[in-house]
Amino acid sequence: MEIKSVGVVGAGQMGNGIAHVMAVAGYDVVLNDLNADALERAMAVIDKNLDRQVSRNIISADDKAASLARISSTQELTELGQCDLIVEAATEREEIKTKIFETLVPHLKPNTILTSNTSSISITRLASRTDRPEKFMGFHFMNPVPVMQLVELIRGIATDQETYQACLKVVEDLGKTAASAEDFPAFIVNRILMPMINEAVYTLYEGVGNVSSIDQAMKLGANHPMGPLELADFIGLDTCLAIMNVLHDGLGDTKYRPCPLLSKYVEAGWLGRKTSRGFYDYRCDAPVPTR
């Protein structure tokens, strides 16, 4: 099963990062989004990030030009039909992901592999809504994609070995490292990371510390490169809440109950960096804690 072309669904932070690394690795990429402006922004971000890699001598100027030439964009899902591999990187909502796969399936080649970049949703359940559960698996990149080394590979109950090996080879071609995870809520990274972030929000909610003291304590006391609240803003508070809900619903343990303050921030539309306000206000020259 040779993969030469990759379709990426969703041109947001994760989607444009996935398109970037796939193109640099030599794959032909078709980047899809319903929003033309989102596609335009994504291509601008990719161009900027490639420039950064050139300036750091990670790639050459010729590599940048060749990578950009490998990426095309489209608002039509059907134009991904001839790709060998599809990576869905849409919003972390199961109904949206399911609709994407149901729309794609009639237009795919028989051997096309379907994957989801979901950070928490059941791969087995997503696969069951397609015509090829044996050729479906989780392909979870870390953010920011061009920088982070890890990719979680998650097999659903029906995923066959050929599909797993084909995706493993893609990870190796990207120069990244794969971690195999079983199909349980939030897999490995977010099963551990999100409860820590949620606990940091509880610590803020209960008045144990303010935003600055919580983040500083974890950076200086646990040697974390980013504080948990700063990291939550970077990930997106809506994504954090969605993952905590998956953990809570899927495992049925009260220790995964999302903090009410996290829910309140999301209700307010304070989602972190992408809305310029979360646990920090990013509308100033330097981020200012909001509590």
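How many nonpolar, polar and charged residues does the lining of the second largest pocket have, by class? The lining has five nonpolar, four polar and six charged residues. Here Ala, Val, Leu, Ile, Met, Phe, Trp, Tyr, Cys and Pro count as nonpolar, Asp, Glu, Lys and Arg as charged, and the others, Gly among them, as polar.

Before going further, please keep in mind that this is a predicted model, in which local features need pLDDT of at least 70 and side-chain atom pairs count only at pLDDT 80 or more, while totals for chains, interfaces and linings use all residues. Residues are numbered from 1 along each chain as its sequence is written, and side-chain values use heavy atoms, with hydrogens and water left out.

## The pocket and helix H10

The second largest pocket has a volume of about 220 Å³. Of its 15 lining residues, Ser120, Ile121, Ser122, Arg125 and Val246 are the closest to its centre. A pocket is an open set of points on a 1 Å grid over the protein atoms alone, where a 1.4 Å probe fits, with protein on both sides within 12 Å along at least five of seven lines; lining residues have an atom within 4 Å of a point. Grid points are joined across faces, edges and corners, and the volume is the space filled by probe spheres set on the points.

Helix H10 (residues 237–251) gives the most to this lining, with five residues. Helices (H or I, at least four residues) and strands (E, at least two) are DSSP runs, numbered from the N terminus. H10 has 15 residues and reaches 21 Å from its first C-alpha to its last, close to the 21 Å expected at 1.5 Å a residue; the expected span is 1.5 Å times one less than the number of residues. Its buried residues are Leu237, Thr239, Cys240, Leu241, Ala242, Ile243, Met244 and Leu247, and they pack against H7, H9 and H11. Buried means under 20% relative accessible area, exposed over 50%, and partly exposed in between (1.4 Å probe, protein chains only). Just after H10, Gly252 takes a positive phi of about 65 degrees.

## Helix H7

One of the partners of H10 is H7. The 17 residues of helix H7 (residues 189–205) should span 24 Å at 1.5 Å a residue, and its end C-alpha atoms are indeed 24 Å apart. Buried in H7 are Asn190, Met194, Ile197, Asn198, Ala200, Val201, Tyr202 and Leu204. Their cover includes S6, helix H8 (211–221), helix H9 (228–235), H10 and helix H11 (260–268). Gly207 follows H7, with a positive phi near 80 degrees.

## Two nonpolar cores

The largest nonpolar core has 36 residues, and Met22, Leu85, Phe139, Phe141 and Leu153 have the most contacts inside it. Among the elements that each supply at least two of its residues are strand S1 (5–9), helix H1 (13–24), strand S4 (85–88) and helix H6 (161–173). Apart from it lies another core, of 26 residues, among them Leu241, Leu247, Tyr256 and Tyr282. A nonpolar core is a set of buried Ala, Val, Leu, Ile, Met, Phe, Trp, Tyr and Cys residues joined through side-chain atoms within 4.5 Å.

Leaving aside neighbours within four places in sequence, Leu85 is in contact (heavy atoms within 4.5 Å) with residues including Met22, Ile113, Phe139 and Cys167. Ile113 is found in strand S5 (residues 113–116) and counts as buried at 0% relative accessibility. With neighbours left aside in the same way, the contacts of Ile113 include Leu85, Lys135, Thr163 and Cys167. The C-alpha atoms of Ile113 and Val6, 107 residues apart along the chain, are separated by 9.6 Å.

## Backbone details

Most residues other than glycine have a negative phi, and most peptide bonds are trans. The table collects two residues with a positive phi that are not glycines.

| Residue | Phi | Place | Relative accessible area |
|---|---|---|---|
| Phe187 | about 60 degrees | loop between S8 (177–181) and H7 | 5%, buried |
| Ser276 | about 70 degrees | loop between H11 and S9 | 30%, partly exposed |

A cis peptide bond, with omega about 0 degrees, joins Asn143 and Pro144. Pro144 lies in the loop between S6 and S7.

Ser276 is also among the contacts of Asp281, again leaving aside neighbours within four places in sequence. Asp281 sits in strand S9 (residues 280–281) and is buried, with a relative accessible area of 12%.
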